[in-house]
Amino acid sequence: LGHSLSAQGKFSEAELNVREGLNLLLAYTTRNTPEVGRTLANLGLIKLQQGRTEQAADLLRQALEAIEASQARSYSPILAERRAELAFALQMQDRWAESLALFEARDRGLRSNAAQFARTGSARSDWAHALIRNGRADEAVEMMQRIVAYQQRMPYTDPQILARAKGFLAAAL
């Protein structure tokens, strides 16, 4: 419900709903669980949509800490997603080195399971953006070429997503 409300621009209602869910979760479980991490991340993403980047980064950091403390495996998709969300929030604050470090930790974690990595990879356009902003555009070019090629092979790709990927490729070039 929180996602639906925030997608409609009803941020106060979304936040209230997610906070109530978080309080209910914490009444029945400990803080260091994937469920609490996901709920904290949802709250952080609502703050990010509102432009409250500092609050968003704080909540997303708490979400990441909850997942890490839950004994999630290094290649966990949930752990990878929490790292990417926090890295993106740090980009919104021009904290490019910290963002890049999170994407690199995410990549190392995902690579620790070769079979899963072969299916999913770890490339992301926001990671490429962090590479560009940290003076590593050559790496971003290669990453974005793979992303654009993959999207163009798909039977359907959202034109906005493809345009964004091509934009990051152009910036890297």
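1. Does Gln116 count as buried or exposed, and at what relative accessibility? In this predicted model, Gln116 counts as buried because its relative accessibility is 13%, where the cut-off for buried is under 20%. Gln116 belongs to helix 7, which covers residues 114-120, and, leaving aside residues up to four places away in sequence, Gln116 touches Tyr75, Pro77, Leu110 and Gly121.

2. Helix 4 takes in residues 53-69, and since 17 residues at 1.5 Å a residue should span 24 Å, the separation of 24 Å between its end C-alpha atoms agrees with what is expected. Just after helix 4, Gln71 adopts a positive phi of about 70°.

3. The buried residues of helix 4 are worth following along the chain, for they include Thr53, Ala56, Ala57, Leu59 and Leu60, and further on Ala63, Leu64, Ala66 and Ile67. Among the elements that cover these buried residues are helix 3 (34-49), helix 5 (77-91) and helix 6 (96-111).

4. The largest nonpolar core holds 42 residues, and within it Leu86 and Met144 are the residues with the most contacts. Two or more residues of this core come from each of helix 2 (11-28), helix 3, helix 4, helix 5, helix 6, helix 8 (125-133), helix 9 (137-153) and helix 10 (159-172). Helix 4 contributes the most to this core, giving seven residues.

5. Met144, one of the two residues with the most contacts inside that core, touches Ser125, Ala128, Ala165, Phe168 and Leu169 when residues up to four places away in sequence are not counted.

Definitions and conventions. Residues are numbered from 1 along each chain as its sequence is written. This is a predicted model: local features need pLDDT of at least 70, side-chain atom pairs count only at pLDDT 80 or more; totals for chains, interfaces and linings use all residues. Side-chain values use heavy atoms; hydrogens and water are left out. Helices (H or I, at least four residues) and strands (E, at least two) are DSSP runs, numbered from the N terminus. The expected span of a helix is 1.5 Å times one less than its number of residues. Buried means under 20% relative accessible area, exposed over 50%, partly exposed in between (1.4 Å probe, protein chains only). Contact means heavy atoms within 4.5 Å. A nonpolar core is a set of buried Ala, Val, Leu, Ile, Met, Phe, Trp, Tyr and Cys residues joined through side-chain atoms within 4.5 Å.
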